[in-house]
Amino acid sequence: MFLSPYFKTESKLKRAREAMADSMDEDMPEEALPLRQDLTCPVCQGIFQDPVLLPCSHSFCRECHQKSFQVNKKCPVCRTECEEGQGISNRALSSACESFLKQANWASVRKPPPGEDTCNLHLKPLELYCEKDEEPLCVDCVTLHSTHTLWPLSEGAPMCKKELGFKVQIFEKKIETYKKTTRKLSNAMEYVKYQAGQAEKQVKAEFERLRMALITEEALRLKALAAEEEQKIGAIQDLIDSTNNDIAAMKKLSDTLKKEMGNEDLPLLRNFQKVKREAKWTRGDPYLPEDSLLNMGKHVGALSFKIWKNMQAHVKYNPVVLDPNTASPWLSLNADLSTVKESAERLTAPDNPDRFDPCVFVLGAEGYTSGKHRWDVVVGDNPRWIVGVCKESVPRKKKFTVSTSRGVWSIGLSKGVYTVSTPERTELQLQQRPERIRIKLNLDKGEVSFWDGGTAKHLVTLTHKFDERMYPIFGPGLYSTPTILAPGKIAVHTS
């Protein structure tokens, strides 16, 4: 047993026990003392009341046995393990106790009702604190905690206050973090509103051009846009409300802990387990989930083709449109998501998980897992650019070298040199400078090839067994000349 500082006063406690026993025996005839000892409960030191017999042959008051069993499922005398319900009524012993009390008129040895500052099990003053079980004890509880570290109340209370103080600090730090997250969520909600406004303008512009023939389709698409806006804003608002509720809950917990820390030592220790148990925080930290922003490609990407397939002269079709939720804050996209160029200043956009930052890239709105796909990119006379495909898992929040080993299959131009994104950055020799790059992706064959879109001349083909969703990737460079996704040809067949 660990000798805690309290047990420097062991002799004093022993003398106190002996004095209490002597006071109980003063009023009893000397010849009755041996019998009284035989009829005394070893736990409460009083005459047995409704005694129960354990399998180990030791008897205790029923109430003493129940309270002892709550602390330790062992016999308090011999420490033999026992299960709940094994104690049986000891009727013979009960009758003997009743007879003894009648003859000796010794009712005064029955246990007085426990007080607030006394042990419920032994009816002794609570003078110790068990560090392992985190509860106050009396001197007779020592045998039940023989392997535990025990402290005087005056030393146990500061230990508990210190632990609760740490929890207060944790909650206060979490509250500040949650407040910052709430501000980010609020900004994201405003950005969703901005996106909705931009999308609404584009939708209305397209429908104005085709209004007479497509009035019904316009209403349906605006309804779909409004529904998603409401859904996204509602989801973020729910996150904000939940976060605010968490903040209020943590403030309440923190205030409760501070209040408990201001209590006297004994009330603090008596409530310490309950307070500590209730002060746990199991909910995860709030964050802006994926897919929290509007799916702009769904509403405005290749919109005219989707809403009016029968009027080829009035429809522009882009096989690939850009996803603004992935665009670097240094890139600016046009309304129909077919053009990207450098922004004069860093744009205000939510730091959602899909967005590239600090790398200056943007992805296509749609990813592919199978089939053949083709699109043209007009790079013009830009002195620096990268076009190709990448895995969905490509890093978004850190700088990385564009390479097939990093999940990017592309070609690019930088400092007058054309390169292929192999691990060795293979240089590509070209006879003339292409202004239009054509990308052909054949996922079934595991090929991505690059062509001069103006002359239809093959430039290079890269092969790989693509094992996840692939996205078009564009790195337009920080130049004012836009990179344009060229519209595709449309063929409409009716029967």
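**Close-up views of a predicted model**

**View 1. The surroundings of Phe450 in the predicted model.** Leaving aside neighbours within four places in sequence, Phe450 is in contact (heavy atoms within 4.5 Å) with Val387, Gly388, Trp409, Ser410, Ile411, Ile437, Arg438, Ile439, His458, Leu459, Val460 and Leu462. Residues are numbered from 1 along each chain as its sequence is written, and side-chain values use heavy atoms, without hydrogens and water. Because this is a predicted model, local features need pLDDT of at least 70 and side-chain atom pairs count only at pLDDT 80 or more, while totals for chains, interfaces and linings use all residues.

**View 2. The largest nonpolar core.** This core, a set of buried (under 20% relative accessible area, 1.4 Å probe, protein chains only) Ala, Val, Leu, Ile, Met, Phe, Trp, Tyr and Cys residues joined through side-chain atoms within 4.5 Å, has 56 residues, and those with the most contacts inside it are Trp375, Ile411, Ile437, Leu441, Val448, Phe450 and Phe474. Its largest share, nine residues, comes from helix α5 (residues 153–209), where a helix is a DSSP run of H or I with at least four residues, numbered from the N terminus. Apart from this core lies another, of 44 residues, including Leu93, Val142, Met250 and Leu268.

**View 3. Helices α6 and α7.** Helix α6 (residues 211–261) packs with helix α7 (residues 265–278) at an angle of about 165°, their axes (lines fitted to C-alpha atoms over the stretch in contact, with angles from 0 to 180 degrees between N-to-C directions) lying 11 Å apart. The two helices are therefore roughly antiparallel, a term for angles over 145 degrees. Leu253, Leu257, Glu260 and Met261 in α6 meet Leu268, Asn271, Val275 and Glu278 in α7.

How values were computed. Buried < 20%, exposed > 50% of the residue type's maximum accessible area, 1.4 Å probe, protein only. Parallel < 35°, antiparallel > 145°, perpendicular 65-115°, else oblique.
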